[in-house]
Amino acid sequence: MNSPVSASEAVNFGLLHPKVQRWVWQQGWSELRDVQDSAIPAILEGDTDVLIGAATAAGKTEAAFLPICSKLAENTGPGIQALYVGPLKALINDQFRRTEELCEALDIRTHRWHGDVAGTRKQALLRDPSGILLITPESLEAMFVLRGTQITRLFGSLQYVVVDELHSFLGTERGAQLLSQLHRLEIAVKRRVPRIGLSATLGNMSLAADQLRPDNGDRVTVLESAATGQELRLQLRSYVDERPDSEESSDTAVRSIADHLFANLRGRTNLVFANARSRVELYAAELADRSVTAGVSNEFHAHHGNLAKELREDVEAMLKDPTKPTTAVCTTTLEMGIDIGAIAQVAQIGPPPSVASLRQRLGRSGRRDEPAILRAYCATVAIDAETSLLDSLQLPLVQTIASIDLLLERWCEPPEPSRLHLSTLIQQLLSLIAQHGGARPAEAYRVLCGAGSPFSTVTTAQFADLLKTLGAKDVLTQAGDGTLLLGGCGEPTVNHYTFYAAFQTPEEYRLVHSGRQLGTMPIDFPLYEGLLLVFAGQRWRVVAVHEEDKAVQLTPAPGGKPPHLGDSGGLVHSEVRAKMRTLLEGDHAPAYLDQQSRTLLEQARRKYAALELDSRPVIADGSDTLLFPWTGDRRLHTLAAILNDTRMEAAVDGAALRLVGTPREAALTALTRVAEGPVPDPGELARKIESKATEKFDRWLSDDLLCAQFASAVLDCPGAVHAARVLTA
């Protein structure tokens, strides 16, 4: 919880506009949060960027908008004066409702702009821009492309930019897009506009500040909420599947976890995070089945990005309704700061994607001075003579414990350092040309890659290479005076609605029942008449597949399995792996472990000791060799690439690196060469790796640029060499 400050005694409360002060009292607030009070003077001054870090439901939105609205209340002139950018349409809708209540009392107009907002409302804003605009990066991109000549008029009076859930943008293509948009806005209005970043508390707030204001992060005012020790209740329960070699190896554990969730969550409002969308569907269906068997109404509903908007909004509405106990089984979609009311408990199935993610999820519980409750679950296999070496170490369980322990120690992953985002640079270049009807090469480089831009590390030589390649592929063409114009490939790309997103949007089937769209699934998923599947937490049979309009007709049916929906986990940080090693070498069992978890942890420790992994991190596993450097995934993948370059078959296998068909002595020899040799050039190493084109416009990059981008995003050559030295020490 955050340290409260009495509103009447708050040092800075009196700086707010009298109408804002009156609104605070009318809400019945008896106190301001610490960041709310400290943000008032920093934002009111209007001459600095501010980064506000605090847990979910800690009042970050009000910390930004109380002083912003105070400033706007003194000067409500024409033009958009505050721009709020959020990552989700649902979050924008929620924040619009919250800010509208305050703004109505101050005669400040508020507007929202995204794909679900009526065109009449958008036209009204274009005719008479004013007040506060809430928007997504994709809709802001559409403004640049379709209304480029109006940008200066719309935003000429801009005083503040608020970036909500900043941590969700950091290090991503979408984040680079947003920072480029903000940089272009400042060029359009010919002045620097203060940025206010709202974020979960991160492991290194200075890195987040560097990304909020590239090249000037040291000038960002960082306000981080103090913590006063909110009561936390947690337990980690493990369930063992006795059939590790069958196709349905996880069914026993899944059913046991579902039984426990059903018994302990019914009757209250909760969130269950299952990481992958396919697991969300599996557990939602299992819990719905139990409701039918028990003859009670179903309180358990799936919530993930492939579900139709209407279904997601139905679940969100139920979560807000205190008269309807509801449990949402979800992915990261409910990790953001959408107001979903009072959450009694949070459940985490399997290792969380990161410690930062676990912190965000736990922050949804324990509001209104109630304790935060975390129920963690781990499904594993029985240990016997046939169990594989890696399975016998119970690494998912150990990773879950490590993540919880690091959370309790108040550590979480720092943001990744900035990297090349050349795919997004292509998007921004095409957008800039569309905005102005053309652009000179030197001017385009200055606008897109100058100081303060997320692309400032792109050299003039790299930019020239980019222009040359885009010209050769007819993405761009050049007029007689040198002006860059959209080419035969570039123009239809920019004119298609999918252009506005910096990330890849795969082609998908629409799943339909009784004329209602339930959601979508990737088009590469094999669908055929009679197929049984689980979707939206219910069981279906495919009635028909209409290839011409990519529609799939469903009817209710028993059985079925969840489809694979592009599920992927996050990269594990080196600190988490180091904590895992400490746990395996120690003898302390955390108090939050149930008896099964304690037993499994002790078994893993005995196996770790028997293998002498504390002193022999390179061990034989049949005809293979396993390496245990206990480092993060980025270093593991880089070391695998270095070893593969020596004609070994190396692959990341959980927390280990597996050298297929390589004897232990040969592995040690290869590692010694890596440890004693020079650090490989990341660009040259990237050149030897297949399948580097993963981002939206990577197909238009030259091989040199694609290698440079891949190296900056994926490879850590110094870290990999260090890992080799640890393994051979």
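Which are the buried residues of α3? Let me start there. They are K60, T61, E62, A63, A64, F65, L66, P67, I68, C69, S70 and L72. Please keep in mind that this is a predicted model.

So how enclosed is this helix? Twelve of the 15 residues of α3 are buried, so the rest of the structure largely encloses it. As for its length, helix α3 covers residues 60-74, and at 1.5 Å a residue it should span 21 Å. Its end C-alpha atoms are 22 Å apart, which agrees.

One residue on that list brings me to the cysteines. How many disulfides does the structure hold? Zero. C69 is in no disulfide, and the nearest cysteine sulfur to its own is that of C103, 3.8 Å away. Seen from the other side, C103 has its closest cysteine sulfur in C69, and the 3.8 Å between them is too far for a bond. The cut-off here is 2.5 Å between the sulfur atoms. In general terms, a disulfide is a covalent bond between the sulfur atoms of two cysteines. Are these two residues buried or exposed? C69 is buried, with 1% relative accessibility. C103 is buried as well, its relative accessible area being 1%.

Next, another cysteine, C717, which sits in helix α26. C717 is buried, with a relative accessible area of 3%. Which residues does C717 touch, leaving aside its neighbours within four places in sequence? Its contacts are T638, V679, P680, P682 and L685. Take P682: along the chain it is 35 residues from C717, yet their C-alpha atoms are separated by 6.4 Å.

The helix around C717 can be checked for length too. Helix α26 runs over residues 717-728, twelve residues, and should span 16 Å at 1.5 Å a residue. The C-alpha atoms at its ends are 17 Å apart, which agrees. Its buried residues are C717, G719, A720, V721, A723, A724 and L727. What covers them includes two strands, β23 (618-621) and β24 (624-627), and the helices α22 (633-644), α23 (664-676) and α24 (682-687).

One more helix: α11, residues 277-294. It has 18 residues and reaches 26 Å from its first C-alpha to its last, close to the 26 Å expected. The buried residues of α11 are S278, V280, E281, L282, Y283, A284, A285, E286, L287, A288, R290 and S291. What do they pack against? They pack against helix α10 (251-265) and the strands β12 (300-303), β13 (327-330), β14 (345-349), β20 (532-535) and β21 (538-546). Just after α11 comes G295, with a positive phi of about 70°.

Last, the empty space. Rolling a probe the size of a water molecule over the atoms shows where empty space is left. How many cavities of 30 Å³ or more are there? The count is two.

The largest cavity has a volume of about 40 Å³. Its lining is made of P352, P353, S354, Q399, S403, E413, L571, V572, H573 and V576. Those lining residues divide into five nonpolar, four polar and one charged.

The second largest cavity holds about 30 Å³ of space. L158, V161, L182, L185, E186, V193 and R195 line this second cavity. Helix α8, residues 173-189, supplies the largest share of that lining, three residues. Here the division is five nonpolar, no polar and two charged.

Technical notes
Residues numbered from 1 in each chain as written. Predicted model: local features only at pLDDT ≥ 70, side-chain atom pairs only at ≥ 80, totals over all residues. Heavy atoms only, no water. 1 Å grid on protein atoms, 1.4 Å probe; cavity = no way out; pocket = protein on both sides within 12 Å on 5 of 7 lines; lining within 4 Å. Points joined across faces, edges and corners; volume = space filled by probe spheres on them. Nonpolar A, V, L, I, M, F, W, Y, C, P; charged D, E, K, R; others polar. Helix = DSSP H or I, 4+ residues; strand = E, 2+ residues; numbered from the N terminus. Buried < 20%, exposed > 50% of the residue type's maximum accessible area, 1.4 Å probe, protein only. Expected span 1.5 Å × (residues − 1). Contact = heavy atoms within 4.5 Å.
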